[in-house]
Amino acid sequence: MNERSFVAAIAPALALMATLLLAPTTAAALDESKFPDLKGQWDRVGPPNWTQAGPPPLTPEYQKVYEANRADMVRGSAGGVPSQYCLPQGMPMMMNLYDPVEFVITQDITYILISHVNDSYRRIYTDGKGWPKEDQYVDTYVGYSIGRWVDEDGDGKYDVLEIETRHLLNPRVYDAGGLPFATDGKTVIKERIYLDKNDKEILYNEITVTDSAMTRPWSITKKAKRTTRDRPVWRTAVCAENNTRVKIEDEDYFLSADGKLMPTRKDQPPPDTRYFTPTKR
């Protein structure tokens with residue numbers, strides 16, 4: 001085949017390849033103009049504790065658990081707060097925003113990023129596919145979240161991100177005060193995240209928890225303000241780096257400044273040392 005014939009033969013293939021390369025991809029591009037501007041760093045406004053919403057509507061059984069946790073804290077122990085031992089805070093405690101939060105919006109998933117106790121992130125599915133089958137889940141501290149964007153005022157732009165979170169791993173609490181969840185693993189958390197209509201630098205998160213430890217659903221509204229710096233400082237929290245709490249079986253101990261195990265309360269029994277060989281001093 002001469003050179004001219006060869007070029008003529010492959011010309012249709014080259015044209016098809018060029019068409020495919022120039023054609024838009026099947027994945028829809030994100031139209032940012034339709035979504036609220038959640039870019040940047042958001043800092044908590046106000047206290048992080050849930051009791052600012054009023055007395056928790058606990059059942060009598062879990063009211064006793066809560067009181068026991070509070071008494072445990074008075075004695076110097078962790079009071080049922082797993083993050084004291086560097087376990088992830090999970091939902092909804094992480095949304096107290098002890099450290100700043102960042103939102104990353106894509107076409108099918110919105111990510112919520114926080115670095116506190118452990119680097120944590122949430123993956124909110126907004127692809128409209130609904131909930132997978134029950135055997136496709138693994139319970140985690142952040143849970144499994146399905147969301148949807150809502151245009152409340154009908155102007156063609158989304159105003160609110162509604163989220164439902166299930167399949168949460170225990171143990172978890174609401175805040176550093178030791179407010180407990182039921183142990184049955186049936187917690188459902190619903191959120192509405194939106195910007196203030198009059199001040200787009202203010203963000204709200206309405207959180208409602210349905211849990212067997214409560215006599216009714218319990219709600220609170222969290223508030224955050226956007227940081228003014230273009231490139232804000234993002235802290236990295238490495239909990240294990242300076243953590244002084246040690247949990248052995250059901251007991252809570254301190255790690256002293258010289259690296260020795262010490263009690264958290266008077267007359268606390270030492271841990272079981274049956275697997276250690278006694279050393280002569």
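**Entry 1: Arg122**

I started with Arg122, which sits in strand S4 (residues 118-125). I'm working from a predicted model here, so every value below is computed. Is Arg122 buried or exposed? Its relative accessibility is 1%, so Arg122 counts as buried.

Next I looked for what the Arg122 side chain does in there. I found a polar contact with the side chain of Thr165, at 3.2 Å. I also pulled the list of residues that Arg122 touches, leaving out those up to four places away in sequence. Among them are three methionines, Met91, Met94 and Met95. Thr110, Tyr111 and Ile112 are on the list too, as are Val142, Ser145, Ile163 and Glu191. Thr165 shows up there as well.

**Entry 2: strand S6 and its partners**

Thr165 made me look at strand S6, which covers residues 160-166. How much of S6 is buried? I get five of its seven residues, so I'm calling the strand mostly covered.

Then I checked the strands that pair with S6. On one pairing, strand S5 (residues 144-150) runs antiparallel to S6, and seven bridges join them. Within that pairing, Arg148 stands opposite Glu162 of S6. S6 also pairs with strand S7 (residues 188-195), again antiparallel, over six bridges. I looked up Thr165 in that second pairing: its bridge partner in S7 is Ile189. So much for Thr165: a bridge to Ile189 and a side-chain polar contact with Arg122.

A reminder to myself for reading strands: in a regular one, the side chains alternate between the two faces of the sheet.

**Entry 3: the loop between S6 and S7**

I moved on to the loop that follows S6. His167 lies in the loop between S6 and S7, and its phi is near 55 degrees, a positive value in a residue other than glycine. I noted that because most residues other than glycine have a negative phi, and most peptide bonds are trans. His167 is buried, with a relative accessible area of 13%.

Pro171 is in that loop between S6 and S7 too. A cis peptide bond joins Asn170 and Pro171, with omega at about 5 degrees.

**Entry 4: the loop between H2 and S2**

Which peptide bond is cis in this stretch? I found it between Met91 and Pro92, where omega is about 0 degrees. Pro92 lies in the loop between H2 and S2. Met91 had already turned up in my notes as one of the residues that Arg122 touches.

Leu97 is also in the loop between H2 and S2. Its phi is positive, about 60 degrees, although Leu97 is not a glycine. I checked its exposure and got a relative accessible area of 8%, so Leu97 is buried.

**Entry 5: the disulfide**

I searched for disulfides and the count came to one. Which cysteines form the disulfide? They are Cys86 and Cys239, with their sulfur atoms 2.1 Å apart. The angle about the S-S bond is -80 degrees, and the link is left-handed.

What does the pair tie together? Cys86 lies in the loop between helix H2 (60-74) and strand S2 (101-105), while Cys239 is in helix H3 (residues 239-242), so the link joins parts that are 153 residues apart in sequence. I checked both ends for exposure. Cys86 counts as buried at 16% relative accessibility, and Cys239 is buried as well, at 18%. The cut-off is under 20%.

**Entry 6: cavities**

I ran a search of the whole structure for cavities of 30 Å³ or more and found three. The largest has a volume of about 60 Å³. Its lining is made of Met95, Leu97, Val101, Phe103, Ile193, Leu203, Asn205, Lys222, Lys223 and Ala224. The elements that give two or more residues to this lining are S2, strand S8 (202-210) and strand S9 (218-226). S9 gives the most, with three residues.

Two names here were already in my notes. Leu97 is the residue with the positive phi, and Met95 is among those that Arg122 touches.

**Entry 7: Asp127**

Last stop was Asp127, in the loop between S4 and S5. Asp127 is partly exposed, with a relative accessible area of 29%. A polar atom of its side chain lies 3.2 Å from the backbone nitrogen of Lys129. I also checked Asp127 against Ile109: the two are 18 residues apart in sequence, and 7.0 Å apart in space from C-alpha to C-alpha.

How values were computed:
Residues numbered from 1 in each chain as written. Predicted model: local features only at pLDDT ≥ 70, side-chain atom pairs only at ≥ 80, totals over all residues. Heavy atoms only, no water. Disulfide = S-S within 2.5 Å. Helix = DSSP H or I, 4+ residues; strand = E, 2+ residues; numbered from the N terminus. Buried < 20%, exposed > 50% of the residue type's maximum accessible area, 1.4 Å probe, protein only. Polar contact = N/O pair within 3.5 Å; in protein donor to acceptor, adjacent residues only side chain to side chain. Contact = heavy atoms within 4.5 Å. Pairing = 2+ DSSP bridges. 1 Å grid on protein atoms, 1.4 Å probe; cavity = no way out; pocket = protein on both sides within 12 Å on 5 of 7 lines; lining within 4 Å. Points joined across faces, edges and corners; volume = space filled by probe spheres on them.
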